Amino acid sequence: MAADPPVISLKNAAVGFGGTPLFTGAELAVTPGMRACLVGRNGTGKSTIFKLLAGLLEPDDGDLYIQPGLTVGYLPQDVPLPDDMLIMDFVARMGAQLGMSPNEAPRHAVDAALSRVDIDGARNVNSLSGGESRRVAIAGALLGDPDVLLLDEPTNHLDLPTIEWLERELVDRRKTLITISHDRAFLEAMTTDTFWLHRGSVRHNAAGYGKFDAWTEEVADAEVRAAQKLDQKLKAEARWLERGVTARRRRNQGRLTRLTQMRAQRKALLTGQDLVQLEADSGPIGSRLVVECENLCKSFGDDVIIENFSTRILRGDRVGLVGPNGAGKTTLLKLLIGELEKDSGRLRRAKNMSLAFFDQTREQLDPTATLWQTLAPQGGDSINVRGRQRHVVAYLRDFLFDEKQARAPIATLSGGERNRLLLAKILAQSSNLLVLDEPTNDLDADTLDVLLDMLDAYDGTVLLVSHDRDFLDRVVNSTIAVEGGGQVMEYPGGYSDYLRQRKRVEKSTSKTRRKQSADKTRPANVAKVDKIKKLTFTEEHELGALPDRIKALENAKIELGKALSDPDLFTRDAAAYDTAAQKLAEVDAAIASAEDRWFDLEARRESLIEDNDADATR
C-alpha cells in the first residue's frame with residue numbers, strides 16, 4: 001500500500017542567516033496522521049525549521065512545499081504578551097499574526113479554542129500566570145482546528161495535569177503534528193516518528209521517541225565504524241562518539257542503581273515511626289539533618305495552603321515537589337528554605353545550610369555580560385568549582401559551550417543555552433542544598449544528560465520543583481505532592497512511584513467507604529464470622545522493632561565512617577583500621593538485610609489488609 005503523500009516537505013533546504021549555515025541539505029516530510037518530534041541540541045536550528053514549515057521563513061536554498069489550502073497552527077517557544085488587552089482579543093490577533101487566517105478569527109472559534117484550555121477570554125492578559133500564559137498560547141495554536149500543529153516546547157510552565165490533558169487532546173483528536181520538547185515522558189506518550197537534527201542535517205526514524213536512545217546508539221556505532229575506515233584525523237571523533245553515547249548510557253545505569261538504593265532508604269524512613277520521635281532525636285542524626293518539620297501549617301487569609309505536613313529531609317536526599325500550578329509548591333519550598341514564615345507547627349533547619357538556587361526566571365543572569373564574566377565576575381581565567389580550580393573555558397565545555405561562545409554576551413544565547421549557563425553558575429558554588437525550580441525548561445536531551453551527571457556527582461541535598469515526569473523519575477528518591485486545599489503528602493520514590501501509591505491509597509479509601517456503607521446496612525443481630533487475616537504476633541513485633549534497629553545500624557555506620565576517615569588511623573594502628581573496615585562491611589550487610597526484611601513484612605501486611613477489605617465487601 002502506497003504511503004500518503006506529504007502535506008508539508010523540505011527538500012535539500014539550507015538556512016544560514018548570512019553566516020555559517022545552521023543546516024544544509026535538510027530533508028523532512030510531514031504526512032497525514034504523523035505525530036513526530038524534532039530533537040537536537042539547543043542552537044542547531046530546530047525553531048528555525050519550524051518557522052520554515054509554518055511558512056514564516058524562506059530557505060536560503062532548497063525547496064519548501066506546503067499543500068494548497070492547508071492550515072497550520074504554530075506555537076512559538078516564546079509568545080510575548082501585550083501590556084493591556086483582553087485574552088480573547090489577544091488570541092484572535094495571535095492567530096492572524098501566525099498566518100492561520102488572513103483576517104481576525106471569528107469570535108466563536110476563539111471561544112472554542114479558549115474553552116479547550118479552560119481560560120476565560122474576558123480576563124485581561126495582565127492577570128495571567130506563567131502556566132496560564134502558555135495555555136493561552138496553546139489556544140492560539142489550536143485556533144480553527146488547523147490541519148497541522150507545530151508545537152515548540154508546549155509543556156513549558158504547564159503543570160502535570162495540564163500536560164496530561166494536552167497528551168490526551170493531541171492523541172485522541174489524532175492531530176498531525178511535530179513538536180519540539182525537552183519532556184521525554186510527553187514525547188514517549190504521543191510520538192509516532194522522530195526527526196533528529198544532527199550535525200547540520202535531519203535524520204528520520206519511523207518510530208516514537210521511546211526508541212530514540214537505541215536508534216542514536218545504532219547511528220553512533222555506524223559512524224564509529226565509518227570513521228575507522230578513514231584517516232587518522234577521524235579517530236578522535238570516533239573516540240568522542242564512543243564516550244559521548246555508550247559511556248553515557250553506562251553512567252545512566254550506575255546512576256539508576258544508586259537511585260534505587262536511595263529510594264529504598266527513603267521508604268524505610270518515611271514508613272517507620274521516626275516522625276513522632278523527632279524532638280528527642282538530636283544525636284548523631286543532627287549532623288545529617290537538613291530540614292525537619294512536624295504539623296506544618298500555612299494559610300493566606302481563608303486560603304489554606306499547607307495543613308499538618310511533616311517530613312524530615314536528610315543530607316543526600318533528592319526530594320521532588322509536584323502538583324498543579326497554584327497549589328502551593330513554591331510556598332512550601334520557601335517555608336523549607338527559610339524565605340517564608342510558618343503559621344504553626346515545628347520547623348527546624350540545619351544551622352550550616354549553604355543554598356544554591358536555580359530560578360526559572362533566570363534573573364541572576366545579566367544579558368549584557370559575557371559567559372566568561374558571568375562565571376568569573378572578579379576577572380581571571382579560572383574559577384573555583386566546588387573546591388577545585390577550573391579554567392573558565394574548560395568548565396564551559398562541561399556544559400556544551402565552545403571557546404568562541406565564552407566571550408559572547410548572554411543576550412545572544414537561546415533559552416536553553418541560558419538555562420545551561422545558569423546551571424553552570426550555580427553548580428560551581430559550594431553548597432550543601434541545591435534548589436532547582438523547573439531546571440529542565442528549554443533544555444535539550446544532551447544538556448539533560450549533563451545535568452543528570454552533575455546531580456549524580458553532587459553530594460549535597462536537592463529540592464526539585466518540576467513538571468517533567470521522566471526527569472523526576474531519574475533524579476528523586478522522594479516525592480512531595482502538593483495537591484491543593486492544604487493537602488500535602490510525601491511518597492517514597494519518583495513520580496511513577498507516587499502515581500502507583502496514590503492509586504493504592506484511593507483504592508483503599510474507596511474500599512473503606514464501601515465497607516462502612518455495608519456495615520451500616522448489616523442487621524445488628526448478624527455476627528461477622530469472617531476470620532481476620534494478619535501477621536503473627538512475632539512478625540508484628542519484629543516489624544515494629546525493625547525501624548529502630550535500622551536507625552541504630554545507621555548510627556553505628558556513621559561512627560565507623562568517622563573513625564575510618566581519620567587519615568592517620570592506618571599508620572597508627574593498622575589492626576584497628578582493618579577491624580573497623582570489617583565491621584563497616586558487616587553493618588552495611590546488616591542494614592541491607594534489615595531493610596529487605598522490613599519490606600517483606602510490610603508488603604505482606606499491606607496484602608493481608610487488602611484481602612481483609614476485599615472479604616468485607618463480598
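**Close-up views of a predicted model**

**View 1. Leu400, a loop residue with an unusual backbone angle for its kind.** Leu400 is partly exposed, since its relative accessible area is 24%. In this predicted model, Leu400 is found in the loop that runs between α11 (392-398) and α12 (415-428). Its phi is near 70°, a positive value in a residue other than glycine. For comparison, most residues other than glycine have a negative phi.

**View 2. Asp118 follows helix α3 with a positive phi.** Here is a second backbone angle to look at. Asp118 comes just after α3 and has a phi of about 60°, again in a residue other than glycine. Asp118 belongs to the loop between α3 and α4 (130-142). Is Asp118 buried or exposed? With a relative accessible area of 63%, Asp118 is exposed.

**View 3. Helix α3 has a buried side and a face turned away from it.** Stepping back along the chain brings us to the helix itself. In α3 (residues 107-116), the buried residues are Ala109, Val110, Ala113, Leu114 and Arg116. Why do these residues lie on the same side of α3? They span an arc of only 155° around the axis, so they share one side of the helix. On the face turned away from that buried side, you will find the exposed residues His108 and Ser115.

**View 4. Thr194 is a buried residue of strand β8.** Strand β8 covers residues 193-198, and Thr194 is part of it. Thr194 counts as buried because its relative accessibility is 0%. Which backbone oxygen does the side chain of Thr194 reach? It is that of Ala207, at 2.9 Å. Not counting residues up to four places away in sequence, Thr194 also touches a set of residues that includes Cys37, Val39, Arg203, His204 and Asn205. Tyr209, Phe212 and Trp215 are among the residues that Thr194 touches, too, and they lead on to the next view.

**View 5. Ring pairs link Trp196, Tyr209, Phe212 and Trp215 into a cluster.** The structure holds seven aromatic pairs. In one of them, the ring centres of Tyr209 and Phe212 are 5.2 Å apart and their planes are at 10°, so this pair is stacked. Phe212 also pairs with Trp215, this time edge-to-face, with 6.1 Å centre to centre and 70° between the planes. Phe212 and Trp215 are three residues apart in helix α7 (residues 212-228), so about one helical turn separates them. Both Phe212 and Trp215 are buried; for Phe212, the relative accessible area is 8%. Tyr209 counts as buried as well, at 7% relative accessibility.

**View 6. Two arginines place their charged ends over aromatic rings.** Look for the charged end of Arg407 over the ring of Trp372, 3.7 Å from its centre. Arg420 has its charged end over the ring of Phe401, 4.9 Å from the ring centre.

**View 7. Cys37 and Cys293 are buried cysteines.** How many disulfides does a search of the whole structure find? The search finds zero. A disulfide is a covalent bond between the sulfur atoms of two cysteines. Cys37 has a relative accessible area of 0% and is therefore buried. Cys293 also counts as buried, at 0% relative accessibility. Cys37 may look familiar from the fourth view, as one of the residues that Thr194 touches.

Conventions. Residues are numbered from 1 along each chain as its sequence is written. This is a predicted model: local features need pLDDT of at least 70, side-chain atom pairs count only at pLDDT 80 or more; totals for chains, interfaces and linings use all residues. Side-chain values use heavy atoms; hydrogens and water are left out. Buried means under 20% relative accessible area, exposed over 50%, partly exposed in between (1.4 Å probe, protein chains only). Helices (H or I, at least four residues) and strands (E, at least two) are DSSP runs, numbered from the N terminus. The arc is that of the directions from the helix axis to the C-beta atoms. A polar contact is a pair of N or O atoms within 3.5 Å; within protein, one must be able to donate a hydrogen and the other to accept it, and residues adjacent in sequence count only if both atoms are side-chain atoms. Contact means heavy atoms within 4.5 Å. Rings of Phe, Tyr and Trp (its six-membered ring) pair if their centres lie within 6.5 Å; planes under 30 degrees apart count as stacked, over 60 as edge-to-face and the rest as tilted. A charge sits over a ring if NZ of Lys or CZ of Arg is within 6 Å of the ring centre and within 35 degrees of the ring normal. A disulfide is a pair of cysteine sulfur atoms within 2.5 Å.
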